[in-house]
Amino acid sequence: MGESWRNLQPLRIPPGWVCIWNKLESAEPADLPEDDPAWLFTYVQDMSYYRREGKEYTVSVDLGWYPDGDPGGAYRLEAILDDDWVHPLLSFTSRSTKEIVETMEFWMFSRIPKGGPINWKWFRKKYGPKEDT
């Protein structure tokens, strides 16, 4: 195994969350030249995925780069309730690794409820993207 793990972005993850995969690196996309191989291997749709399973629901936090491998793209971070990918609880887009890390940690520690059922309609109305009509 090489030393590529040294490039991974450190994250603070609260108890109860499980890292399914993490390929988020600490580099800032704005600092990379357009011909850097990282665009093909690092800045992809499946970068990080965390889950917390409760008795009544499962919440996932998913991070990807869209469009896949495009230097003009951006990170897209979503919080998903019970695998409902059509209606994310929360959504955030940025080109900044620092902003993405701060948002991920804030969501997992403070924004996503820790216990009991989630009233997703109320939650999305208060915090998340507007529901499609």
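Is Asp 83 buried, partly exposed or exposed? Let's work that out first, then move on to the rest of this predicted model.

**Ground rules**

This is a predicted model, with residues numbered from 1 along each chain as its sequence is written, and local features need pLDDT of at least 70, side-chain atom pairs count only at pLDDT 80 or more, while totals for chains, interfaces and linings use all residues. Side-chain values use heavy atoms, with hydrogens and water left out.

**Exercise 1. Classify Asp 83, then trace its salt bridges.**

Step 1. Get the cut-offs straight: buried means under 20% relative accessible area, exposed over 50%, and partly exposed in between (1.4 Å probe, protein chains only). Asp 83 has a relative accessible area of 42%, so the residue is partly exposed.

Step 2. Look for a partner. A salt bridge needs a side-chain nitrogen of Lys or Arg within 4 Å of a carboxyl oxygen of Asp or Glu. Asp 83 pairs this way with Arg 51, at 3.2 Å from N to O. That ties together distant parts of the chain, 32 residues apart: Arg 51 sits in strand β2 (residues 48–53) and Asp 83 in the loop between β4 and β5 (90–94). As for the element names, helices (H or I, at least four residues) and strands (E, at least two) are DSSP runs, numbered from the N terminus.

Step 3. Check Arg 51 for another bridge. Its side chain also meets Glu 53, at 3.7 Å from N to O. Arg 51 counts as buried because its relative accessibility is 16%, whereas Glu 53, at 60%, counts as exposed.

Step 4. Put it together: shared partners join Arg 51, Glu 53 and Asp 83 into one network.

**Exercise 2. Find how the segment before β1 is linked to helix α2.**

Step 1. Go through the salt bridges; the whole structure has five. One of them joins Arg 12 to Glu 105, with the closest N and O atoms 2.7 Å apart.

Step 2. Place the two ends. Arg 12 is in the segment before β1 and Glu 105 is in helix α2, 93 residues apart.

Step 3. Compare their surroundings. Arg 12 has a relative accessible area of 58%, so it is exposed; Glu 105 has 9%, so that end is buried.

**Exercise 3. Describe the largest nonpolar core, then follow Ile 112 and Arg 111.**

Step 1. A nonpolar core is a set of buried Ala, Val, Leu, Ile, Met, Phe, Trp, Tyr and Cys residues joined through side-chain atoms within 4.5 Å. The largest one here has 29 residues, and Tyr 43, Met 47, Leu 63, Tyr 75, Met 104 and Ile 112 touch the most other members.

Step 2. Ask which elements supply two or more residues: they are α1 (38–41), β3 (58–66), β4 (74–81) and α2 (97–111). Helix α2 gives the most, with five.

Step 3. Now list contacts (heavy atoms within 4.5 Å). Beyond residues up to four places away in sequence, Ile 112 touches Trp 17, Arg 52, Val 59, Val 61, Ala 79, Leu 90 and Trp 107.

Step 4. Turn to Arg 111, in helix α2. With a relative accessible area of 22%, Arg 111 is partly exposed. Outside its neighbours within four places in sequence, Arg 111 is in contact with Leu 90, Phe 106, Phe 123 and Tyr 127. The C-alpha atoms of Arg 111 and Tyr 127 are separated by 8.5 Å, with their positions 16 residues apart along the chain.
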